[in-house]
Amino acid sequence: MAIYHCSIKIISRGKGKSAVAASAYRSGETLTNDYDGITHDFTRKRGIVHTEILLPSHAPPDFSDRSVLWNSVEKTEKARNSQLAREVEVALPVELDREQQIQLVRDYVTENFVSAGMCADIAIHDKEDGNPHAHIMLTMRPLAESGEWGAKSRKEYILDKDGQRVKLKNGTFKTRKINTVDWNDKEKAEVWRKAWADVTNRYLAEQNRPERIDHRSYERQGIDKIPTVHMGVAATQMERRGIATDKGGRNNEIRKQNRLLTEVRRQISRLTLWVRQMAVQEREKPSINPIQSNQNQSLTLLDYLNKAMQEGSTQQSGYGKARDLKAYAKAVSFLRRKEITTLAQFQDTVSGIKKRYRDTNKRIKQTEKQIHERKELVDQSEKYLEYRPVYKEYRQTKPRKKERFYNEHTAELILYQTAERYLKEHLGDNNMLNLKGWKADIKTLALEKNRLYSEVQSLQDEVYEAETIRKCVEQAVQTEQTKTKIKQKNMEL
């Protein structure tokens, strides 16, 4: 089914990347990078089903050739750590056919990037493994009406209160960098991610498909669920071949836990609503409410259950009677254990169960999040350590042999660089690995999670007992109301 995936990253020369190489890999073509003279041949790459370039109206026509486009970018960017391109990767909905997927990507790119002045290089990949996706490479410099590349930023003098430039001790003036376009603003990522969900949902609706995607997390959507972990291509393919994976097992466990949490929440909501309705009935119709006796004195819930059982015992026999007696015993035990006599006390008890559920659910989510974070750190650290020697060898390889080495070790190098980026984002520049400590944390957190789910199970048992009281009371209400109607009818006769 349609899933939401939209990742945004930068292709940077400072990280050993090349815009020409990236375009060659995604398009499955042979491109030569004039900046370093290296030819990148990816013509044997499988699963590339569509490529095209979309340009703003004022772009030079020859930019429709990706070799010309990205070599122009490489030539313009002089610094060794230049940011060459932005890449947006999106998962395509399998509910759409190929032409619809292509048009979906075109609309998204045109509406959000080309209209803003970016050149876009699109490649759609599909290995028929259930994971069709699109790579969208975008230029990062503004393009002047003349077709020349503009500056990414400009310097602006900082002025004092009198409007004069602030002079520094070295004789220069204090300045700040002002971006010429807003493409690097943090808010833009959120805009683009939402736009992908919006345009995808529009296409699904046009095809009368019920599926929808959302760029927000469960928490931001207000959905009371624990999010599953991202499987990734490798784990997804293994699961489809019947090979169990750790991530697949974790997701199965999370789905089972979500079903439990959903069921308990639903039962608590139903109980809460029923108690409120009964309280309203008691206030509005005191003369016929079965919680009150003929002498207008409030019955206890225990008295109320007794009335329900007395009525039920005269109408049933066999299995039905035995089942009701068992339910009655559970209900009585619950009331006595909780020292509940009145409807108001029962309402307080249900409110208490609801609060305990919310608190426990919140702690479960926090624990699951911590477990996920630790497991990701362990997973990425192990990949980082495993493939670091390959990356070191790649860095030490002579330029003319680098391309061949990269082609032979593409998967290992991508896994290493992904792990390195993840660890830097989460650990900072120190990048201190603590595999032993993280694994110990996972064990401790797993024990805490099991304890919390035991609390949910206990809450579910209490809810079942409270549900029994509701059913017995409803039975008595119905019986009493029927008697009252018959009595009133007889009086009329």
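A charge is taken to sit over a ring if NZ of Lys or CZ of Arg is within 6 Å of the ring centre and within 35 degrees of the ring normal. In this predicted model, R13 meets that description, lying over the face of Y35 at 3.7 Å from the ring centre. This contact makes a handy starting point for the side-chain interactions described below.

Aromatic contacts come next. A pair of aromatic rings is described by the distance of the centres and the angle of the planes. The structure holds 10 aromatic pairs. One of them joins Y108 and F113, whose ring centres are 5.4 Å apart and whose planes stand at 90°, so the pair is edge-to-face. Both partners, Y108 and F113, are buried. F113 also pairs with W192: here the ring centres are 5.1 Å apart and the planes make an angle of 65°, so this pair, too, is edge-to-face, because planes over 60 degrees apart fall in that class. F113 sits in the loop between helix 3 (98–112) and strand 6 (120–125), whereas W192 belongs to helix 4 (residues 186–206), so the contact ties together parts that are 79 residues apart in sequence. Like F113, W192 is buried. Further along the chain, Y384, Y391, Y394, F405 and Y416 form one aromatic cluster.

Charged pairs offer a second set of contacts, with a count of 28 salt bridges. Among them is the bridge between the side chains of R26 and E87, with an N to O distance of 2.6 Å. This pair links distant parts of the chain, as R26 lies in helix 1 (residues 19–27) and E87 in strand 5 (residues 83–91), 61 residues apart. R26 has a relative accessible area of 13% and is therefore buried, and E87, with a value of 1%, is buried as well; the cut-off for this class is under 20%.

Another salt bridge connects R66 with D121, with the closest N and O atoms 2.8 Å apart. Here again distant parts of the chain are linked: R66 is in helix 2 (residues 66–76) and D121 in strand 6, 55 residues apart. R66 and D121 are both buried.

K152 and E77 provide a further example, their closest N and O atoms being 3.3 Å apart. K152 lies in the loop between strand 7 (133–138) and strand 8 (153–157), and E77 in the loop between helix 2 and strand 5, so the bridge ties together parts that are 75 residues apart in sequence. The two ends of this bridge fall in separate accessibility classes: K152, at 22% relative accessibility, counts as partly exposed, while E77, at 5%, counts as buried. Elsewhere, R363, E448, R451 and E455 are joined into one network by salt bridges that share partners.

E77 appears once more in the description of internal space. Rolling a probe the size of a water molecule over the atoms shows where empty space is left. The structure holds 1 cavity of 30 Å³ or more, and about 30 Å³ of space lies in the largest cavity. Its lining is made up of V73, T76, E77, L84, T139, M140, R141 and W149. By class, these lining residues comprise 4 nonpolar, 2 polar and 2 charged residues.

Two further pairs of positions illustrate how the chain is arranged in space. G147, in the loop between strand 7 and strand 8, counts as buried at 11% relative accessibility. The C-alpha atoms of G147 and P61 are separated by 9.4 Å, with these positions 86 residues apart along the chain. K326, by contrast, is found in helix 9 (residues 318–338) and counts as exposed at 58% relative accessibility. The C-alpha atoms of K326 and T468, 142 residues apart along the chain, are separated by 9.9 Å.

Finally, the backbone has some residues other than glycine with positive phi values, including N208 and E339. Phi of N208 is near 60°, and this residue is placed in the loop between helix 4 and helix 5 (218–221). N208 is exposed, with a relative accessible area of 71%. For E339, phi is near 55°, and the residue lies in the loop between helix 9 and helix 10 (343–396). E339 is likewise exposed, with a relative accessible area of 66%.

Definitions and conventions
Residues numbered from 1 in each chain as written. Predicted model: local features only at pLDDT ≥ 70, side-chain atom pairs only at ≥ 80, totals over all residues. Heavy atoms only, no water. Phe/Tyr/Trp six-rings, centres within 6.5 Å; stacked < 30°, edge-to-face > 60°. Buried < 20%, exposed > 50% of the residue type's maximum accessible area, 1.4 Å probe, protein only. Helix = DSSP H or I, 4+ residues; strand = E, 2+ residues; numbered from the N terminus. 1 Å grid on protein atoms, 1.4 Å probe; cavity = no way out; pocket = protein on both sides within 12 Å on 5 of 7 lines; lining within 4 Å. Points joined across faces, edges and corners; volume = space filled by probe spheres on them. Nonpolar A, V, L, I, M, F, W, Y, C, P; charged D, E, K, R; others polar. Salt bridge = Lys/Arg side-chain N within 4 Å of Asp/Glu carboxyl O.
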